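Here is a short tour for anyone meeting this structure for the first time. Have a look at the sequence and the 3D view, then read on.

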Amino acid sequence: KVVYSTFFEIFILIVILANMIFLAMAHPGASDGMKAVLEVGDYFFTLVFITEMIMKIIVQGLWNPPPLEGNLYPFDVAVPYLRDKWNRVDCFVALMSLAGLIYPPISLFRALRTVRLIIRNTEIRTIVEALIRCIPALTRSLVLCGFLVFIFG
């Protein structure tokens, strides 16, 4: 029930915003103290995001839904974690954050943590989905424009 609570969602949003601030504070000329603070923050944010992912997997199941017991879920059927495309993006970002702690050159994927804000906001999510659906039509239009420029240009 904690995973579906408003408090949990607000907490995760605050952590995402704090993570964005930490990412903005990182720069090549940072002092050793600042680098240490940013490194501790990186460990903290990764821990929170991995913990959130694990909690959701426990509640929702990884690929198949867990058996329902009483009124545990707010929905009739829990959607398994990896069957939701946005949870897959969330999982990828969390695992890349963890991999970045183990193998530092991968830490450039930390910037993907800001994508988690899109996942949380349904209005932005709708816009992103619409843009993704427009890509094939835009590609055809660009090919047609290129063809016209090639012929008449």
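## One enclosed space

A cavity, in the sense used here, is a set of grid points where a 1.4 Å probe fits but cannot get out. With that in mind, how many cavities of 30 Å³ or more does the structure hold? There is one. Keep in mind as you read that this is a predicted model.

The largest cavity takes up about 60 Å³. Around it sit Asn19, Phe22, Leu23, Ala26, Leu38, Asp42, Phe45, Arg110 and Arg113. Sorted by class, that lining has five nonpolar residues, one polar and three charged. Helices H1 and H2 each put at least two residues into the lining of this cavity.

## The overall build

Now for the wider picture. The protein has five helices and zero strands, so its elements read α-α-α-α-α when you start at the N terminus. Of its 153 residues, 26% are buried.

Contacts in this protein often link distant parts of the sequence: taking those between residues at least 6 apart, 60% join residues at least 24 apart. On the outside, the accessible surface adds up to about 10200 Å², and carbon and sulfur atoms account for 74% of that.

## Two nonpolar cores

Which residues make up the largest nonpolar core? There are seven: Phe8, Ile12, Val15, Ile16, Phe45, Val48 and Phe49. Helix H1 (6-25) and H2 are the elements that give two or more residues to this core, and the largest share, four residues, comes from H1. There is also a second, separate core of five residues, with Met53, Tyr81, Cys91 and Ala94 among them.

Two members of the largest core are worth a stop. Ile12 lies in helix H1 and counts as buried because its relative accessible area is 0%. Although Ile12 and Val48 are 36 residues apart in sequence, their C-alpha atoms are 8.2 Å apart in space. Skipping neighbours within four places in sequence, Ile12 is in contact with Val48, Glu52, Arg116 and Arg120. Phe45, for its part, touches Val15, Ala18, Asn19, Phe22 and Arg113, again leaving out residues up to four places away in sequence. Phe45 is also one of the residues lining the largest cavity.

## Two buried aspartates

Is Asp42 buried or exposed? Asp42 has 11% relative accessibility, and the cut-off for buried is under 20%, so Asp42 counts as buried. This residue lies in helix H2. Beyond the residues up to four places away in sequence, Asp42 touches Leu101, Arg110 and Arg113. Arg110 and Arg113 also join Asp42 in the lining of the largest cavity.

Asp90 is the other one to look at, and you'll find it in helix H3. Its relative accessible area is 2%, so Asp90 is buried too. Which residues does Asp90 contact, leaving aside neighbours within four places in sequence? They are Glu52, Tyr81, Arg116, Ile119 and Arg120. Glu52, Arg116 and Arg120 are in contact with Ile12 as well.

## Open pockets

Besides the enclosed space, there are pockets to explore. The largest pocket holds about 330 Å³ of space. It is lined by 13 residues, and those nearest its centre are Tyr4, Lys56, Gln60, Asp84 and Asn87. The elements that supply two or more residues to that lining are helix H2 (32-60), helix H3 (85-102) and helix H4 (115-120). By class, the lining of the largest pocket splits into six nonpolar, two polar and five charged residues.

The second largest pocket has about 280 Å³ of space. Of its 14 lining residues, Lys35, Leu38, Glu39, Asp42 and Arg110 are the closest to the centre. H2 and H3 each bring at least two residues to this lining, and H2 has the largest share, with five. Seven of the residues lining the second largest pocket are nonpolar, three are polar and four are charged. Here you meet some familiar residues: Leu38, Asp42 and Arg110 are among the residues that line the largest cavity as well.

Conventions. Residues are numbered from 1 along each chain as its sequence is written. This is a predicted model: local features need pLDDT of at least 70, side-chain atom pairs count only at pLDDT 80 or more; totals for chains, interfaces and linings use all residues. Side-chain values use heavy atoms; hydrogens and water are left out. On a 1 Å grid over the protein atoms alone, a cavity is a set of points where a 1.4 Å probe fits but cannot get out, and a pocket is an open set with protein on both sides within 12 Å along at least five of seven lines; lining residues have an atom within 4 Å of a point. Grid points are joined across faces, edges and corners, and a volume is the space filled by probe spheres set on the points. Ala, Val, Leu, Ile, Met, Phe, Trp, Tyr, Cys and Pro count as nonpolar, Asp, Glu, Lys and Arg as charged, and the others, Gly among them, as polar. A nonpolar core is a set of buried Ala, Val, Leu, Ile, Met, Phe, Trp, Tyr and Cys residues joined through side-chain atoms within 4.5 Å. Buried means under 20% relative accessible area, exposed over 50%, partly exposed in between (1.4 Å probe, protein chains only). Contact means heavy atoms within 4.5 Å. Accessible areas come from the Shrake-Rupley method with a 1.4 Å probe; for residues, only the protein chains shown count as cover.
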